[in-house]
Amino acid sequence: MSFMDELRKIPPVTRFLCGATLAVSIPPMLQLVSVYKILFVSQLVTQKGEFWRIFTSFFYGGSGISFLFDFMMLYRNSNGLEEVQYLSRSYDYAWQLLIASGALLVLNIPLNSYLHFRPLLMTLLYISSKLNPNAITSLFGLIAIPAQYFPFVMLAMDFVMGGGPKAAASSLTGIIVGHAWWMLEHRVPGGSPYGRAPAWVKSLVSPGSPPPPPPTGNTAAGGTTAEGMGGMQAESRGFGTAFAARDGGVRRAGGSTTTTTTTASTGYQWGSGRRLGE
């Protein structure tokens, strides 16, 4: 199986998020592009029309080991959401993510935040933690933390190690937006009508992986049935396996035959028949 085949297995929105993060973060790492060119500076956006800064500010994840850690969290949490909560609804996930990003941008402008990757990551972390509160998350592979507390542990780390109150305040906006997202979409029965993707988003984003097919065979109380060889149906029961024969009888494994009246799958009702010459 080729690399492209493996890449296509990733849901479309998660694939875009990870691809954009790599595309924006790697050039500054290699010193091909100045970091200043991708920061969000409101004056340059509004006065000089450098609108790309809005996009790049959400996908620059820094460098070093912290980038690898954050990138893996981005992939794991987004992939989990898209393959479970938004299965076959990737366009809704993309639309709600776009709304959340707009809210993050508005909340971070008063804070003079130049990058929005961390708040976006915190939003996804919070949503995942609320939907899977009993899951266990490993911090750097060393400390096991219940998922419901993980966003707040990351918030404390941003305060202590990431730049003090300003960095923590920026990350807190991610938790605020994540909580609003969770309340509006996952607490309201049926979700908010504003969370349904418009037609133009559906035309750009594929629905993603189809739901798994239903199990084959008919499920009866206490067992399952499946087509066997020779047109016979095998039914697994608590007391053994029974085989439904073509003539309508039920043949127990190693036992006798109990005759019942059935209609063959062809749709015809056959008579008892007569021997040749009678």
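The UniProt record, an unreviewed entry, lists residues 20-39, 51-73, 93-115 and 136-161 under "transmembrane region". What you're looking at is a predicted model, so let's see how two of those stretches come out in it. Over residues 20-39, the chain is 50% helix with 0% strand, and the C-alpha atoms at the two ends sit 15 Å apart. Residues 93-115 come out at 70% helix, again with 0% strand. Here the end C-alpha atoms are 22 Å apart.

Now for the pockets. The largest pocket has a volume of about 700 Å³. It has 25 lining residues, and the closest to its centre are Asp-70, Arg-118, Asp-158, Gly-162 and Ala-167. If you want to find the walls, look at α5 (64-85), α7 (117-131), α8 (150-161) and α9 (165-187): each supplies at least two residues of the lining.

The second largest pocket has a volume of about 500 Å³. Its lining is made up of 19 residues, and Phe-16, Phe-59, Ala-94, Leu-98 and Ser-101 lie nearest the centre. Helices α2 (12-29), α4 (52-56), α6 and α10 each give at least two residues to this lining. The largest share comes from α6, with six residues.

Here is how the two linings break down by class:

| Pocket | Nonpolar | Polar | Charged |
|---|---|---|---|
| Largest pocket | 12 residues | nine residues | four residues |
| Second largest pocket | 17 residues | two residues | no residues |

So what about the aromatic rings? Two names from the second largest pocket, Phe-16 and Phe-59, turn up again here: together with Phe-55 they form one aromatic cluster. Across the whole structure there are eight aromatic pairs. One of them joins Trp-95 and Trp-200 in an edge-to-face arrangement, with the centres 6.0 Å apart and 90 degrees between the planes. Why does this pair tie together parts that are 105 residues apart in sequence? Trp-95 belongs to helix α6 (residues 90-108) while Trp-200 belongs to helix α10 (residues 199-204), so the contact links those two helices. Trp-200 itself is partly exposed, with a relative accessible area of 48%, because the partly exposed class runs from 20% to 50%.

Some rings have a charged neighbour instead. Arg-53 lies over the face of Tyr-36, at 5.1 Å from the ring centre. Both positions fall in stretches that the UniProt record lists: Tyr-36 in 20-39 and Arg-53 in 51-73. Elsewhere, Lys-130 lies over the face of Trp-182, and there the distance from the ring centre is 4.2 Å. Lys-130 falls within α7 and Trp-182 within α9, two of the helices that help line the largest pocket.

Finally, a couple of backbone oddities. Gln-31 isn't a glycine, yet it has a positive phi of about 60 degrees. You'll find Gln-31 in the loop between α2 and α3 (42-48). Is Gln-31 buried or exposed? It is exposed, with a relative accessible area of 71%. Asn-112 is another non-glycine with a positive phi, this time of about 55 degrees. Where is Asn-112 found? Look in the loop between α6 and α7. Asn-112 also falls within 93-115, one of the stretches from the UniProt record.

Technical notes: Residues are numbered from 1 along each chain as its sequence is written. This is a predicted model: local features need pLDDT of at least 70, side-chain atom pairs count only at pLDDT 80 or more; totals for chains, interfaces and linings use all residues. Side-chain values use heavy atoms; hydrogens and water are left out. UniProt positions are given in the numbering used here, feature names are shortened, and annotations may be inferred rather than shown by experiment. Helices (H or I, at least four residues) and strands (E, at least two) are DSSP runs, numbered from the N terminus. Rings of Phe, Tyr and Trp (its six-membered ring) pair if their centres lie within 6.5 Å; planes under 30 degrees apart count as stacked, over 60 as edge-to-face and the rest as tilted. Buried means under 20% relative accessible area, exposed over 50%, partly exposed in between (1.4 Å probe, protein chains only). A charge sits over a ring if NZ of Lys or CZ of Arg is within 6 Å of the ring centre and within 35 degrees of the ring normal. On a 1 Å grid over the protein atoms alone, a cavity is a set of points where a 1.4 Å probe fits but cannot get out, and a pocket is an open set with protein on both sides within 12 Å along at least five of seven lines; lining residues have an atom within 4 Å of a point. Grid points are joined across faces, edges and corners, and a volume is the space filled by probe spheres set on the points. Ala, Val, Leu, Ile, Met, Phe, Trp, Tyr, Cys and Pro count as nonpolar, Asp, Glu, Lys and Arg as charged, and the others, Gly among them, as polar.
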